[in-house]
Amino acid sequence: MAYTVPKLKDYSAPALDKAVQELLSALQQESKDVSSESDWKTFRDRWMARKNGVLTQVNVLWLKAAPEDAKRDVGQRVNQLKKQVEEVVEQTPEWLKGGASAARLTAEALDITLPGIRRPLGAEHPVIKTSNEMVAIFRNLGYSVEEGPEVETDYYNFESLNFPPNHPARDTQDTLFISGQESKPLRERLLLRTHTSPVQIRTMERLKPPIRIVIPGKVYRNDPPDASHSPMFHQIEGLAVDTNITLGDLKGTLDHAMKAMFGSSVKTAFRPSFFPFTEPSAEMLVSCFICGGSGRRGTEPCRPCKQTGWIEILGCGMVDPNVFEFVKDNGYDPKRVSGFAFGMGADRIALLKYGVDDLQLFFQGDVRFLEQFV
Ligand code: DAH
């Protein structure tokens with residue numbers, strides 16, 4: 001039960017001692033229960049409020065009521081009590097009394113002038129960086145970015161790109177097939193895409209012409225890893241289809257892109273080639289941006305261009321009408337539209353650009369190698 005100040009009948013020293021003891025033990029007890037700032041204020045007021053605090057009551061009930069001959073003794077004890085009560089109230093922990101200012105004092109115990117914890121910044125992988133640069137060049141020409149699945153069907157990877165079943169051109173792609181697909185019709189069987197070209201068809205199924213797209217992504221081939229091969233690598237594909245696209249558009253666009261990528265002084269050249277999904281097809285060459293096209297670096301032969309002064313950089317061509325036949329119903333009537341397409345290897349371009357001589361370095365994840373490209 002809460003302590004109340006008793007009236008005194010007996011003013012003898014032992015009786016006064018006992019009353020004082022009871023009061024002090026109530027004080028101690030109540031101070032222990034203080035656990036918040038508002039508790040503390042209630043506690044302070046209960047004991048020290050001028051109007052009806054315990055000390056005021058002690059004054060009235062003990063001192064004022066005391067007989068004349070006990071007043072001196074009672075007065076001394078009451079003074080003593082006052083000090084003790086004040087002390088206990090004051091001693092209540094700093095943080096409970098100060099509120100915001102106490103919280104600030106605690107916070108300032110943190111030394112904000114100490115150096116922070118430095119977390120190393122990550123960086124784009126050199127291959128992704130190269131790919132992003134190429135994509136940005138085409139985006140600036142108004143191309144949009146498309147992506148597609150890495151696990152692809154035979155239909156999108158081959159058939160709709162004019163590689164008929166059993167066509168020998170399929171063998172050039174060292175395909176990694178997903179096992180257990182034999183019960184499905186050929187065109188539904190799954191494989192790891194060998195190029196980003198299937199996204200051409202996937203996009204033409206979705207978007208009507210005209211379109212201009214770039215397609216960055218990972219591709220897979222059954223090539224044992226060595227300094228210039230990897231079972232996983234990266235391509236950047238492009239496709240433009242409209243009513244009047246010509247070989248001149250292809251050449252102008254790609255010439256611009258190569259100059260934007262490798263510097264305005266590079267020259268470009270085309271050499272006939274073959275891809276089932278383009279007709280005519282070509283390989284594009286850029287003059288070697290390492291030796292400036294001379295084939296030599298000082299007295300040394302230039303290795304990246306094999307001393308020819310030219311570097312093969314991509315495959316391209318005019319979209320074969322047979323490809324449009326597969327998406328004819330979506331507005332790609334080969335009699336009405338024409339287009340060009342191209343595809344290049346981002347890893348190879350990164351190798352050349354950074355003068356790295358082993359493709360495997362890109363995929364081993366050694367931070368000491370990778371952090372050089374930040
Ligand atoms: N898909 C071809 C490959 O991986 C590259 C390519 C060549 C893509 C010509 C094209 C193209 O779009 O027109 O070898």
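1. In this predicted model, the side chain of Ser 197 places an N or O atom 3.0 Å from a nitrogen atom of the ligand. Gln 200 also approaches through its side chain, with a polar atom 3.1 Å from an oxygen atom of the ligand, whereas Phe 342 contributes a polar backbone atom, which lies 3.3 Å from an oxygen atom of the ligand. The ligand on its own has 350 Å² of accessible area, and the protein covers 92% of that area.

2. The elements that each give two or more residues to the shell around the ligand are strand S5 (232–242), strand S10 (310–319) and strand S11 (338–345). In total 15 residues surround the ligand, and the closest are His 195, Ser 197, Arg 221, Gln 235 and Glu 237. By residue class, the shell comprises 8 polar, 5 nonpolar and 2 charged residues.

3. Strands S5, S10 and S11 belong to an open sheet of 7 strands with mixed pairing, whose order is S1-S4-S5-S11-S10-S7-S6. Strand S1 (144–145) and strand S6 (268–275) stand at the edges with a single partner strand each, so one side of each has no neighbour in the sheet.

4. Within this sheet, S10 and S11 are paired in the antiparallel sense over 5 bridges, and Gly 315 stands opposite Gly 343, a residue of S11. Helix H10 (residues 247–262) packs on the sheet, where it touches S6, strand S7 (278–287), S10 and S11, and the direction of the helix makes about 145° with that of S10.

Notes:
Residues numbered from 1 in each chain as written. Predicted model: local features only at pLDDT ≥ 70, side-chain atom pairs only at ≥ 80, totals over all residues. Heavy atoms only, no water. Near = heavy atom within 4 Å. Polar contact = N/O pair within 3.5 Å; in protein donor to acceptor, adjacent residues only side chain to side chain. Areas by Shrake-Rupley, 256 points an atom, 1.4 Å probe, with all protein chains shown as cover. Helix = DSSP H or I, 4+ residues; strand = E, 2+ residues; numbered from the N terminus. Nonpolar A, V, L, I, M, F, W, Y, C, P; charged D, E, K, R; others polar. Pairing = 2+ DSSP bridges. Contact = heavy atoms within 4.5 Å. Axes fitted to C-alpha atoms, helices over the stretch in contact; angles between N-to-C directions.
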